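I opened this model to look up how its interior is put together, and I keep my notes here in the order in which I made them.

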Amino acid sequence: MKTVDARGCSCPQPVLMTKKALEKEEKIKVLVDNNTAKENVSRFARNKKYSLSVEDGDAEGEYNIIIAK
């Protein structure tokens with residue numbers, strides 16, 4: 001599974017990075033460090049009807065988003 005590190009990126013960059021990774025991979029993990037990015041990446045995955053799981057990351061305010069086609 002490929003990991004997309006979008007920590008420190010402001011929107012729409014995390015969504016664009018997610019979209020690009022999913023063009024090549026069936027399952028990815030996206031790391032984000034703010035609630036807005038978490039919501040936008042999650043919304044993108046739901047709109048595409050992808051499987052989605054959101055977990056708290058290693059640091060406070062970080063999230064791991066697992067997306068599978």
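I note at the outset that the model is predicted.

Entry 1, the helix. I started with helix α1, which spans residues 13–22, and found P14, V15, T18, A21 and L22 buried in it. Looking down the axis of α1, I see that its buried residues fall within an arc of 130°, so they line one face of the helix. This agrees with the general rule that an α-helix has 3.6 residues a turn, so residues three or four places apart point the same way. I then asked which elements the buried residues of α1 pack against; they are β1 (2–5), β2 (27–32), α2 (35–47) and β4 (63–68).

Entry 2, the core. The largest nonpolar core holds 15 residues, and I list I28, V30, V32, V41, I65 and I67 as those with the most contacts inside it. Two or more residues each come from α1, β2, α2 and β4, and α2 gives the most, with four residues.

Entry 3, two core residues. I67 sits in strand β4, and I record it as buried because its relative accessible area is 0%, where buried means under 20%. Leaving out residues up to four places away in sequence, I find that I67 touches T18, L22, E26, K27, I28, V30, V41, A45, Y50, S51 and L52. For I67 and A45, which lie 22 residues apart along the chain, I note a C-alpha separation of 6.9 Å. With the sequence neighbours up to four places away again left out, I28 touches M1, K2, V4, T18, A21, L22, I65, I66 and I67.

Methods
Residues are numbered from 1 along each chain as its sequence is written. This is a predicted model: local features need pLDDT of at least 70, side-chain atom pairs count only at pLDDT 80 or more; totals for chains, interfaces and linings use all residues. Side-chain values use heavy atoms; hydrogens and water are left out. Buried means under 20% relative accessible area, exposed over 50%, partly exposed in between (1.4 Å probe, protein chains only). The arc is that of the directions from the helix axis to the C-beta atoms. Contact means heavy atoms within 4.5 Å. A nonpolar core is a set of buried Ala, Val, Leu, Ile, Met, Phe, Trp, Tyr and Cys residues joined through side-chain atoms within 4.5 Å.
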